[in-house]
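Colleague: I should like to take a close look at a single part of this model, together with the surroundings that help to place it. Please explain each term as it arises.

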Amino acid sequence: MQFSIILLHLAGAVMLLLWAVRMVRTGVERACGPALRDALRQARGARIRSAGVGTVLAVLLQSSTAVAILAAGFAASGMVSVSAGLAILLGADLGSALVVQVLSFDLSWLVPALILVGGAMALKSEARGIKQGGRILMGVAFVLLSLHMIGEATAPMRQSTLLPLVISYLRADYFTAFAAAALFTWLIHSSVAAILLFVTLAAQGVLPVEVGLFFILGANCGGALIAVWLTRGDAVEARRVPLGNLIFRGTTALAALFALQAVTFPAHLFGATEGRQLVNLHLAFNMVLVICCLPFTGTMEKLATLLIPDRPTAKAGEAGDLMSRRTSALDRTVMRTPGLALASATRELLRVGEVVEVMLRPVMDFFDAGTADQIRQAQKLDEEVNRAHTEIKLYIAEVNRGSMSAAEAQRGIELTDFAINLERAGDIVAKNLLVLTQELRDKNLRFSRDGWSELAGLHNRVMANMQLALNVLVSSDLESARQLVVEKERMRRLERMSHDRHLKRLQSGMPQSIDTSDIHLEAVRALKEINSLMASVAYPLLTQNGDLLESRLAKGAGAAEAMAPALA
């Protein structure tokens, strides 16, 4: 019974650690998403600069895996080469080790202050940046709190009679210890959380340093495996980056593992305590990895290309047709049951929204380095949106011919209206935004730094609001609907601000702004219109609740109430 309680407390503490690390990462992504992507976009020059960018991003995101996914996506779009992506990942792994260094210190005295300040920022402010800043502070506080809980939960293990037997076995079977740590790290999808757990166990005297060394090396290998797993269905260029990183890290970790069997590890040189020794070993391993592997990223790119060769070129009419081959969610067998039929139409609308999202997501990448073929393939998806839009309208019209309640008939009208708006959004992406990306490419133009930053910020906000709109479509969540209307007004203000700033750049005679003026202004207008079309899904719900009067939030449903819960 005692052992079961210890495991329960330990499992709860580990879960809090995982959630807190994710909380910090998502807070940084939401607050600084465009800036992070812009920094990564520019990391395509020297290997050292690419590694430095990866280090900084991993420190901010507290996750080398998040950086790996971003780098893989940029490699797939052609914005960075595979070798540059590998350099970014090597730096990201070092940044992740630096995060572990900081969090391994006893900072428990900071927890109350971080929760107080972070909670106040998240709950009291309406500004997205401040709210996400509060989320980040609270996430760091919860990381520190979870480490304290892990220490308390594992303290009784030192008196366990079973633990010495397990440790003795792992000390003798180093490869099992290595593999178990790698598997555990992959399962929890966080190398930072895994290594912090091992370090805390060592600091409590539960994990001897000689076994902890095997665990640290295994965690480094398992951490590289996470990105390989998450990108397994992506484009070949995207898969090559994490695969090359896994080969680098796995080979080095195994070499270090076998070296530890041949020589006695001078643990005393890495710190006074066992926990500090493991932390410093983790940092030293990643520093050595950067120094030794960075010069060979080009060679690793060639090896990764051999292991993951290019796919055969698709025949005309076949490439980019994945979405159109997906089975429609419209179920004609339930058309005499309006409730089920409308649910079927809702699922199909969600699928169409996802297609529009797939079209819109790479627009900024295409502005930067899109190829004509990539742009054409994205435009082809509009055919699927148009086809599905027609099918949904006809399907709902046929359902309406049957016996329906007033509420069901109203829901059918709402779904039809949103289908029309999704079709319009798809047209804007295909016939406006993607045409603009092609024009920028054909004329060999570049946005100014400020112009790019404004467009990237607007694009990032529209993508977030599109997700929110699709959630409202499915869940009919009132708070999310209110937030959508607030975001529509904010988008209008941001569009106006971007317009004014652009005119000021024109007045200053900035050449890049002059050359790209029409493209910039049209792209901003298109993003604003798409955002408005997405926000329309909230109107029926707010009208029914009495929160929307003449296209405005009713008095009492102010912006502060419209915001989603701080930790949503």
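What is the relative accessibility of Phe-258, and does Phe-258 count as buried, partly exposed or exposed?

Modeller: Phe-258 has a relative accessibility of 44% and counts as partly exposed. The classes are defined by relative accessible area, found with a 1.4 Å probe and protein chains only: buried means under 20%, exposed means over 50%, and partly exposed lies in between. This is a predicted model, in which local features need pLDDT of at least 70 and side-chain atom pairs count only at pLDDT 80 or more, while totals for chains, interfaces and linings use all residues. Residues are numbered from 1 along each chain as its sequence is written, and side-chain values use heavy atoms, with hydrogens and water left out.

Phe-258 also takes part in an aromatic pair. Rings of Phe, Tyr and Trp (its six-membered ring) pair if their centres lie within 6.5 Å; planes under 30 degrees apart are stacked, over 60 edge-to-face, and the rest tilted. This rule yields 8 aromatic pairs. In one of them, Tyr-174 meets Phe-258 edge-to-face, with 6.1 Å between centres and 90 degrees between planes. The two rings join distant parts of the chain: Tyr-174 belongs to helix α8 (residues 174-188) and Phe-258 to helix α11 (residues 236-262), 84 residues apart. Helices (H or I, at least four residues) and strands (E, at least two) are DSSP runs numbered from the N terminus. Tyr-174, like its partner, is partly exposed, at a relative accessible area of 22%.

Another pair involves helix α8. The ring centres of Trp-186 and Trp-229 are 5.4 Å apart and their planes stand at 90 degrees, so this pair is edge-to-face. It also links distant parts of the chain, since Trp-186 is in α8 and Trp-229 is in helix α10 (residues 209-230), 43 residues apart. Trp-229 is partly exposed, with a relative accessible area of 38%. Returning to Phe-258, ring pairs join it with Tyr-174 and Phe-214 in a cluster.

Charged groups also lie over rings. The rule asks that NZ of Lys or CZ of Arg be within 6 Å of the ring centre and within 35 degrees of the ring normal. Arg-232 is placed over the face of Trp-229, 3.9 Å from the ring centre. Arg-276 lies over the face of Phe-105, at 4.2 Å from the ring centre.

A residue of another class is Asp-93, in helix α4 (residues 82-103). Asp-93 counts as buried, at 8% relative accessibility. Contact means heavy atoms within 4.5 Å. Apart from neighbours within four places in sequence, Asp-93 is in contact with Ser-64, Asn-245, Arg-249 and Asn-286. Its side chain also makes a polar contact of 3.5 Å with that of Ser-64. A polar contact is a pair of N or O atoms within 3.5 Å; within protein, one must be able to donate a hydrogen and the other to accept it, and residues adjacent in sequence count only if both atoms are side-chain atoms.

Helix α4 leads to the nonpolar interior. A nonpolar core is a set of buried Ala, Val, Leu, Ile, Met, Phe, Trp, Tyr and Cys residues joined through side-chain atoms within 4.5 Å. The largest such core has 93 residues, and Val-143 and Phe-215 are among those with the most contacts inside it. The helix that gives the most to this core is α4, with 13 residues. Val-143 touches Leu-17, Ala-20, Val-21, Leu-103 and Leu-196, leaving out residues up to four places away in sequence. A second, separate core of 68 residues includes Val-363, Val-399, Ala-419 and Ile-519. In soluble globular proteins, nonpolar side chains tend to be buried together.

The whole protein sets these details in context. Its secondary structure comes to 23 helices and 2 strands, and 52% of its 568 residues count as buried. Among contacts between residues at least 6 apart in sequence, 82% join residues at least 24 apart. The pair of Tyr-174 and Phe-258, 84 residues apart, is one link between distant parts of the chain.
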